[in-house]
Amino acid sequence: MTLAIVLAADPAAGHLTEPGRPAGEPLTERLAAQWRGAGADDVRIAADLTELADLVAAATGPVLVSGADLVAHTAVLKHLATSPVGPTVALVLTDPPAPGQATVREERGQVVEVDAADASGVFGGALRVGPADLPALADAARRAAGAAPDAPDARLTDPASAPGVGAADGGPRNAVDRLVADLAARGTLIFAQRVRLLVAHRVGDEAQRAAAEAAVAAVDEDRAELKLSVKERDDFFTTFFVSTWSPYVTKAAARIGIGPTGVTMVSVAFAVAAAVLFGVGGRPALVAGAVLLYLGFVLDCVDGQLARYTRHFSAWGGWLDTMADRFKEYVVYAGLGFGATHAGFRYGWALALAAMTLQTVRHMTDTWYGALHDEAARRPKVVSADAGGIGGKLNAASTRVQADTGSVSYWLKRTVVFPIGERWALIAIAAALFGPLVALVAVLVWGALAFAYTGGLRTLRARWMRVPVMATVDAGLHRDDGLLARTLPTTRRPLLLAVLGALGAAGTLVWALLAVHGGGDLPVFVPVLALVLLLGAAQASRAPHDGSLDWLVPAALRAAEYLFAIAVGVAGRAPAWLIFGYVLVLTLHHYDLTARLEKRQSAPPLHAATLGWPGRSLLLAIGLIAGYASIALATLGAYLLVVFVASVVLAWVVLPARARGGVRSPG
């Protein structure tokens, strides 16, 4: 249950009136009604911070808090209440700060500092606090009211220096601003909710209130919400060839009652149909496949737009969207690989495998570099010794380019990294005009160049940031080590060992390709040596991953496992489609892990049953040496697929149903 509290303790609460109401009546009732319209289950008006602390202490779900000086569209409050970015979110405005209002500095969507010298906005007087942060909110309210017994750090023990006692300009701080300042001082992870197209202002007198009310009335709320369903910053192809008309599809879907999950499923069907047509070949089929692929991508954008427009967010929906995107893309690679092979090119499936492996390893680096950047944003700013070096210069240049939206350099930067819209557009155009082989080669060439570009720049910037991102998470879980890795002796240098494992697997694959091409067999010592290198990488499972480049470890391990599995299949002369299918199952398993990382969720329920990458590699090696590589790939792949499906059902159907006391499908 969501509780909303309007705090009537601010000076503005006592003298602002609403047109048509008796003089002197505060706006607290109006805000309370808006919170109900925004979806709050229970709405209370707290006379002071002590009463607010008591209400928070008794709450069991998210708590919405606002002062009584906020004039805004109800949609602004609804967006704050339903924001999917994190459990604790603060409204941030671009208005100039008034006396008593907290200014904030945000990076990567996080409020990283309150009353910063380089503030990027002003606190909007409203926030949503997740259940895990409610004790901190209650304590902050009691402290601000002068009744808190203990301070979270030494700086807060002095009432004169406690957050919220004095504003940055020396004046008294508004009550709700004291709360966000105290939460930020405790290190609470607070995300920022910006206001675009809609209106929200904090007002201090009748003239400001009248102006804010006029600004609210001048905006068509529903039209603004439809425009807001489109991402503020998207890639070039999506921005100019999809988002120009996809909102109309979003509006139609909302009117007829189709949910985001339904749109996702239709998008998957379109991608699968496109893959089949690419495999069939022939100009009409290739053109039809390209059209279906484009429409499938449009629907891929619509499902997110529909979720934002209707505010129907869920952990299930976010997970499904991530998994569906990868499945659709890799099924299309399979169709292209089959089509190229069917057209007479011997290595069509090999190109499809290479494209899938490259893209997955790229995504692993994307995930962990994003986590690295988020961690860096939350840490105090320290002047680096090489702030003027290449890493610092790259960081400053990237910041300037990102700020210059609409410039040629901005669009080049967003396009050169080969995002999903550009990938699907390239596949559709190349397949329709030149065929599956050219489409696969084009994806591989651009993908490899993009990987080299982003990998090089990110490595330099990561060394400059010096943030050990993997020291803050369960490294063993996201490495996907398993029981075998935990039983091996521990050694250090996880990145070096992971890279050596990947190089050993790559060398084994090259040797296997040469041996099979020459009509011979792969010597037994080659996969054994590669397996030794892999198990050497597994020995770093429990070692600290605190190096500035250890965020690359998961991607290196993914590359090592995939390349070794492909080498086993090639050496054992397994069918190409079987090798592709096995690696596809592995990618689904690993995307499940990264999707949960990005959504801040726990490990999959049956993660231990997946054996870990060292265990899976050992079983494949045994199968190859015994002469049953195809059977090993098919059996282990089927087993992993069953475990994956069972884990999905447990995570999203069975366990939530037990928690609710009933059985319902995820929505």
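Two strands are taken to pair if DSSP finds at least two bridges between them. The structure described here is a predicted model.

**Strand 3 and its partners**

Strand 3 (residues 63-67) pairs with strand 8 (residues 121-129) in the antiparallel sense, over 4 bridges. Within that pairing, Val63 has Val129 of strand 8 as its bridge partner. Strand 1 (residues 3-7) pairs with strand 3 in the parallel sense, over 5 bridges, and Ala4 is matched there with Leu64 of strand 3.

In a regular strand the side chains alternate between the two faces of the sheet. In strand 3, Val63, Val65 and Gly67 point one way, Leu64 and Ser66 point the other way, and all are buried. Because 5 of the 5 residues of strand 3 are buried, the strand is largely enclosed by the rest of the structure.

**Helix 15**

The buried residues of helix 15 (residues 408-416) are Tyr410, Trp411, Arg414 and Thr415. Viewed down the helix axis, these residues fall within an arc of 120°, so they line one face of helix 15. Val408 and Leu412, on the other side of helix 15, are exposed. Just after helix 15, Phe418 adopts a positive phi of about 60°.

Tyr410 and Trp411 also belong to a cluster linked by ring pairs, together with Phe236, Phe237, Phe240, Phe241, Tyr294, Phe297 and Trp424.

**Aromatic pairs**

Across the whole structure, a search finds 20 aromatic pairs. Two of them are set out below.

| Pair | Geometry | Centre to centre | Angle between planes |
|---|---|---|---|
| Tyr330 and Tyr591 | tilted | 6.2 Å | 45° |
| Phe345 and Tyr347 | edge-to-face | 6.1 Å | 75° |

The pair of Tyr330 and Tyr591 links distant parts of the chain: Tyr330 lies in helix 12 (residues 315-342) and Tyr591 in helix 23 (residues 576-598), 261 residues apart. Tyr330 is buried, with a relative accessible area of 1%, and Tyr591 counts as buried at 3% relative accessibility. In the edge-to-face pair, Phe345 counts as partly exposed at 30% relative accessibility, and Tyr347 is partly exposed with a relative accessible area of 39%.

**A nonpolar surface patch**

A nonpolar patch on the surface is formed by Leu496, Val499, Leu500, Leu503, Val524, Val528, Leu529, Val532, Leu533 and Ile625, with about 830 Å² of accessible area together. Helix 20 (494-517) and helix 21 (525-538) each supply at least two residues of this patch. One of the patch residues, Leu496, lies in helix 20. Leu496 counts as partly exposed because its relative accessibility is 43%, which lies between the cut-offs of 20% and 50%.

How values were computed. Residues are numbered from 1 along each chain as its sequence is written. This is a predicted model: local features need pLDDT of at least 70, side-chain atom pairs count only at pLDDT 80 or more; totals for chains, interfaces and linings use all residues. Side-chain values use heavy atoms; hydrogens and water are left out. Patches are made of residues with over 30% relative accessible area and no salt bridge: like charges are joined within 9 Å, nonpolar side chains (Val, Leu, Ile, Met, Phe, Trp, Tyr) within 5 Å. Accessible areas come from the Shrake-Rupley method with a 1.4 Å probe; for residues, only the protein chains shown count as cover. A salt bridge is a side-chain nitrogen of Lys or Arg within 4 Å of a carboxyl oxygen of Asp or Glu. Buried means under 20% relative accessible area, exposed over 50%, partly exposed in between (1.4 Å probe, protein chains only). The arc is that of the directions from the helix axis to the C-beta atoms. Rings of Phe, Tyr and Trp (its six-membered ring) pair if their centres lie within 6.5 Å; planes under 30 degrees apart count as stacked, over 60 as edge-to-face and the rest as tilted.
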